[in-house]
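Work through the exercises below with the coordinates open beside the text, and try each task before reading its solution.

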Amino acid sequence: MAAMSIQLDRVSRIVNTALPSSVLVFGALGSNVSFYFHFGTVTTLLLSLLNLYYRHGQRDHALLRNFGLLAQARYIVESVGPELRQYLFASDLSEKPFNRAERAEVYRKAKGTDSTAAFGSQKDFDDSSVRLLHSAYPLDHEELEPYELRFGEERGCASSYTIDKPIAISAMSYGALSAPAVRSLARGAKRAGIPMNTGEGGYPKYHLMEGCDLIFQMGTAKFGVRNDDGSLDDSKLAELAQKPEVKMIEIKFSQGAKPGKGGLLPKEKITDEIAELRNVRKGHDVISPAHHKECRDASSTVSFIRRVQEVSGLPVGMKLCLGRPGEFTELVREMKRQDSFPDYVSVDGAEGGTGAAPRSFMDDVGMPLERGLATVQSILQDEKVRARLKLLAAGKLINPARQIAAMAQGAQAVYSARGFLLALGCIQALQCNANTCPVGLTTHDPELTRGVDIDQKSQRVERYVAALMKEHEELLASLGCRNHAELRPEHVWGALSLVAPEVASPAQIVPLNRISQPAREMGVRA
Amino acid sequence: MNSKIIWTCQAIAACIIGGAGLLKFMGNPTDQLLFAELGMEPFGRYLIASLEVIAAALLASGIFAAPGALLAIGTMLGAIIAHATVLGAEVQGDGGLHLVLLVTLLLVSGPVLFVRRRELPLVGSTL
């Protein structure tokens, strides 16, 4: 893919140079050989003007701004794609990680165009995926209540933080993303009134530029707040927490796309500025440690979370992808022993995204969100500490129904990263790890990032959030819930059997494939 | 822009370019002379006449007015090149009438193409 993108880059440069040159060539031939050559003069002149507009006029399409007329082929092929795919190639639902139907929904929401579909669902209704169960007595819109969630209230945190939409932009650092992509998201978050997680990429220089609420993420390498030996520098953290934009701190213990492994920034994406912001050397992959230096067991982990709470004075959460449930149970019991809890736990599903991770970690390690979330919720309830903290969910939650399903399973708010990248115009080229992202979002090549118009893209973020919220309200009304807090697992078909076997009582363990269809439809807890 | 204005522009453009195309088809002596000067007589005359009649039909159709306007602008650009490089501003002592018609056609086709640019096939969604 990388080689292909480089060729596209080169070919587009050739085309962009050849077009105006060919106007002159055809013009000369038309004047000196035969007037018929002027057909070529007129055609290439019109194409050159169109190319000029694509490259330097319009700001809606990053791909056209970067590659010009050549990229038009993508839009043309896309416009005839449904017919081609229907007869020749893959279906709309066959691509991964997000199929074309899912991506198209985000694109339409972000562009503010009609996002309804016709004729019927294209999903495979014979599979075992989670679905929402509506009420026989849906509510009217006027009966719905506004959403509000206050982090830090459980322990009376003086700098508690309240959100009024259950959506946040998940962790994406400068480094993984380009500067204009980060700024587009941050400006979009500001416009939409939602917080944005900075990712673990050190001092959030570009995130801070737009004035949105930030959740500063501290990864295992502690970029931006580290001592030279990789331990936490309290003074740097305290200084950062003083910034008015920084509302919460998130300690990242593991990530769904690479659980049990530290973050990874390929050397191709390390510029002088990134090396400086992260205090690392250029020319080498930056691989964060697999764990926090301070955290070697449950006791030290709880102590460390408390230390971050005390130093920062802000609500502090922990992000994890669930591995062995027993370890999480032990951690929760240690929190009880020390009477010290994080202000929130963010459960990242194994299906979560990343800029770069080894394939085996991406595919085969960690618990998927539905099961991980249900298991964490179950453990917190069993230990009777559910009211001591907030629960967030992340992992492919790009559409409202999946977000509502996660909230029915215990999450009080959701994170999405890739949903917002799609809103910015990501075409899922799968080159986030190669510094060749054709739409300029996950690259630092100035030739490619020039395609990202911050103001225009931030509007898409705002529209995407507005459309999500509108559909949240419609779904809540359909489920008969006045607010998100009324969502329960019984609103989700198939959720009752999702708790991991290690945690669930025998009565709860019912593998989906062993439940008879009528029993599943009736929501029977077998 | 007001749709009545656009329809008026389309009608004017269709009349000018359609009339010019029909005259060429019927073998108008001036056109024969011009195309002979360009070294395109008679095949080029019939080719251009066909394009002009098609453009007029598209402009008049309404739903295909955008490609019609583009085709009209393309043929007019060719004509302007002919005047600029071979024919000169005045043709057969017409006092520049031919050239004025060309420029008028450009002036009425331009707004049609701009307003209806999203209706262009293939590229419309990106404009």
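The exercises that follow concern a predicted model, and each task is followed by a worked solution.

**Exercise 1. The contact between the chains**

Task: Describe the contact between chain A and chain B by the residues it takes from each chain, by the area buried and by the count of salt bridges.

Solution: Begin with the residues, of which 17 come from chain A and 21 from chain B. Next take the area, where chain A and chain B bury about 1,500 Å² between them, with 78% of it on carbon and sulfur atoms. Then turn to the polar side of the contact: the count of salt bridges between chain A and chain B is zero, while four residue pairs, both members at pLDDT 80 or more, are in polar contact.

**Exercise 2. The side of chain A that touches chain B**

Task: Determine which helix supplies the largest share of the side of chain A that touches chain B, and sort the residues of that side by class.

Solution: Helix 2 (38-57) and helix 4 (69-79) of chain A each supply at least two residues of this side. The largest share, nine residues, belongs to helix 2 of chain A. Sorting the side of chain A that touches chain B by class gives 12 nonpolar residues and five polar ones, with no charged residue.

**Exercise 3. A helix crossing and a cis peptide bond in chain B**

Task: Characterise the crossing of helix 2 and helix 3 of chain B, and then locate P42(B).

Solution: The axes of helix 2 (residues 29-38) and helix 3 (residues 43-61) of chain B come within 9 Å and cross at roughly 115°, and the crossing is right-handed. Helix 2 of chain B contributes D31(B), Q32(B) and F35(B) to the contact, and helix 3 of chain B contributes G44(B), R45(B) and I48(B); by class, these are two nonpolar, two polar and two charged residues. P42(B) is placed in the loop between these two helices, and the peptide bond that leads to P42(B) from E41(B) is cis, with omega near 0°.

**Exercise 4. A salt bridge and a positive phi in chain A**

Task: Explain what the pair K205(A) and E273(A) ties together, and state where K384(A) lies.

Solution: The side chains of K205(A) and E273(A) meet in a salt bridge at 2.3 Å, N to O. K205(A) belongs to helix 8 (residues 205-208) and E273(A) to helix 10 (residues 272-278) of chain A, so the pair ties together parts that are 68 residues apart in sequence. Over all chains, the count comes to 31 salt bridges. As for K384(A), this residue lies in the loop between helix 14 (369-382) and strand 12 (390-394) of chain A, and its phi is near 60°, a positive value in a residue other than glycine.

Conventions:
Residues are numbered from 1 along each chain as its sequence is written. Chains are lettered from A and ligands numbered from 1 in the order in which they are written. This is a predicted model: local features need pLDDT of at least 70, side-chain atom pairs count only at pLDDT 80 or more; totals for chains, interfaces and linings use all residues. Side-chain values use heavy atoms; hydrogens and water are left out. Contact means heavy atoms within 4.5 Å. Buried area is the accessible area (1.4 Å probe) that two parts lose on being put together, summed over both. A salt bridge is a side-chain nitrogen of Lys or Arg within 4 Å of a carboxyl oxygen of Asp or Glu. A polar contact is a pair of N or O atoms within 3.5 Å; within protein, one must be able to donate a hydrogen and the other to accept it, and residues adjacent in sequence count only if both atoms are side-chain atoms. Helices (H or I, at least four residues) and strands (E, at least two) are DSSP runs, numbered from the N terminus. Ala, Val, Leu, Ile, Met, Phe, Trp, Tyr, Cys and Pro count as nonpolar, Asp, Glu, Lys and Arg as charged, and the others, Gly among them, as polar. Axes are lines fitted to C-alpha atoms, for helices over the stretch in contact, and angles run from 0 to 180 degrees between N-to-C directions. A crossing is left-handed if the near helix is turned anticlockwise from the far one by less than a right angle, and right-handed if clockwise.
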